[in-house]
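Visitor: I'm new to this. Could you show me how to read a protein model, one feature at a time?

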Amino acid sequence: MFEKRLTLDAVRFLNSRCFVLAFHAPEIARAARPGQFLMLAASDGIEPLLRRPMAVYQILESSGEPVGFSVLVERTGKGTTLMSKMQAGDEVAVLGPLGSSFAPPGDATAEAVLVMGGVGAAPFPLFARALLEAGHTTRAFIGGRTSEHLLCAEDFAALGVPVTQATDDGSAGHHGLVTAALTEYLSGCDGPVAIYSCGPTPMMRAVDSIASARGLPHQVSLEAPMACGIGVCLSCVVPAVDEAGGWRYRRICREGPVFDASTLLWEHPDD
Ligand SMILES: Cc1cc2nc3c(=O)[nH]c(=O)nc-3n(C[C@H](O)[C@H](O)[C@H](O)COP(=O)(O)OP(=O)(O)OC[C@H]3O[C@@H](n4cnc5c(N)ncnc54)[C@H](O)[C@@H]3O)c2cc1C
Ligand code: FES
């Protein structure tokens, strides 16, 4: 883990709300694994005080060597609005890489099926690259409210990963939920499949029902508002099963953000 003040190399807008911030940072680029995240300061002042968690989107290379990274940000509130106004040359305080990473399927012959909603797509192009390098057939299902909320399709296309898109309003791809497209695809699958998901909680929960019903392994990347990002404040806990058959809290920033979904309790046991 590194604590650095980095100079912002480039800002690229994908649409009116989503943009990519790229940084030169060889140590972070060498250390980062797909699914990990960084805590980025949104300003130099004390408002907002807390850094914002962002998944590692790309590892940037020069002559085949990792020299930097980027994050893909969706403007949702105060911090991300400030980030959307950042310019190349600005200094940004960054802590990371943090948390757990996606693991390739245990079965070397398994197809990896990546299911994502909205900005939950951010960690998957990097993971898709690692999966392809490891020899896994890889497929992406991208969901969004509208065509503007579909992200990363070009990244997967550049890797040669087949993409199925779905929008709630039918403005692009299948009209309906990405989970419906996933179910249809899995119905025609014979071979081993491992599922990975990241996006809105109802989507990940639905993906988990689909994976569990078919006995498929499922890794999930969770999100929660994070105060510290390093396991101290307990602002990011989720209930999970423990070894004794009971439950205990797990920290999304330390034990996660990537979890084996079968260890998570989607309902709080005390509710
Ligand atoms: C491990 C991890 C990786 C993430 N990766 C990305 C990424 O790659 N790109 C990206 O755009 N966003 C990502 N997020 C979500 C991002 O951190 C939040 O959208 C951001 O912190 C909101 O900050 P804000 O000041 O703009 O919003 P605020 O003004 O703080 O809040 C605006 C709205 O966003 C909600 N919100 C705040 N924090 C989160 C959060 N962590 N998760 C979900 N909703 C939140 C609030 O409840 C509120 O409704 C990630 C979150 C986690 C935990
Ligand atoms: S954000 Fe502080 S413990 Fe996870």
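Guide: We'll go through the domains, the place where they touch, the ligand and one residue in a strand. Keep in mind that this is a predicted model.

Visitor: Let's start with the layout. Into which domains is the chain divided?

Guide: There are two to look for: domain 1 covers 2–98, and domain 2 covers 111–263. Their C-alpha centres lie 22 Å apart.

Visitor: How do people describe the size of an interface?

Guide: Often it's given as the accessible area lost when the parts come together. Here, domain 1 and domain 2 bury about 1,800 Å² between them, and 64% of that is on carbon and sulfur atoms. You can count residues too: 22 residues of domain 1 are in contact with 21 residues of domain 2.

Visitor: How many salt bridges are there between domain 1 and domain 2?

Guide: The count is two. As for salt bridges you can find yourself, try Arg 17 with Glu 148, where the closest N and O atoms are 3.0 Å apart. Between the two domains there are also five residue pairs in polar contact, with both residues at pLDDT 80 or more.

Visitor: Which strands supply the side of domain 1 that touches domain 2?

Guide: At least two residues each come from β3 (37–40), β4 (52–55), β5 (58–62), β6 (65–74) and β7 (91–98). The largest share, three residues, is from β5. By type, that side of domain 1 has 14 nonpolar residues, four polar and four charged.

Visitor: Now the ligand. Which residues come nearest to ligand 1?

Guide: Out of 20 residues around ligand 1, the nearest are Pro 53, Leu 72, Glu 74, Gly 79 and Thr 80. Next, look at individual atoms. In the side chain of Thr 80, an N or O atom is 2.5 Å from an oxygen atom of ligand 1. Backbones take part as well: a polar backbone atom of Gly 77 is 3.0 Å from a ligand oxygen, and a backbone N or O atom of Ala 55 lies 3.0 Å from a nitrogen atom of ligand 1.

Visitor: And a single residue? Where is the place of Arg 139?

Guide: Arg 139 is in strand β9, residues 138–144. Leaving out residues up to four places away in sequence, Arg 139 touches Glu 111, Ala 112, Val 113, Leu 114, Val 161, Pro 162 and Tyr 185. With Glu 111, the side chain of Arg 139 makes a side-chain to side-chain polar contact of 3.4 Å. For a sense of distance, pick Ser 63: 76 residues separate it from Arg 139 in sequence, and 28 Å in space, C-alpha to C-alpha.

Definitions and conventions:
Residues are numbered from 1 along each chain as its sequence is written. Chains are lettered from A and ligands numbered from 1 in the order in which they are written. This is a predicted model: local features need pLDDT of at least 70, side-chain atom pairs count only at pLDDT 80 or more; totals for chains, interfaces and linings use all residues. Side-chain values use heavy atoms; hydrogens and water are left out. Domain bounds come from an automatic or database domain assignment. Contact means heavy atoms within 4.5 Å. Buried area is the accessible area (1.4 Å probe) that two parts lose on being put together, summed over both. A salt bridge is a side-chain nitrogen of Lys or Arg within 4 Å of a carboxyl oxygen of Asp or Glu. A polar contact is a pair of N or O atoms within 3.5 Å; within protein, one must be able to donate a hydrogen and the other to accept it, and residues adjacent in sequence count only if both atoms are side-chain atoms. Helices (H or I, at least four residues) and strands (E, at least two) are DSSP runs, numbered from the N terminus. Ala, Val, Leu, Ile, Met, Phe, Trp, Tyr, Cys and Pro count as nonpolar, Asp, Glu, Lys and Arg as charged, and the others, Gly among them, as polar. A residue is near a molecule or strand if one of its heavy atoms lies within 4 Å of it.
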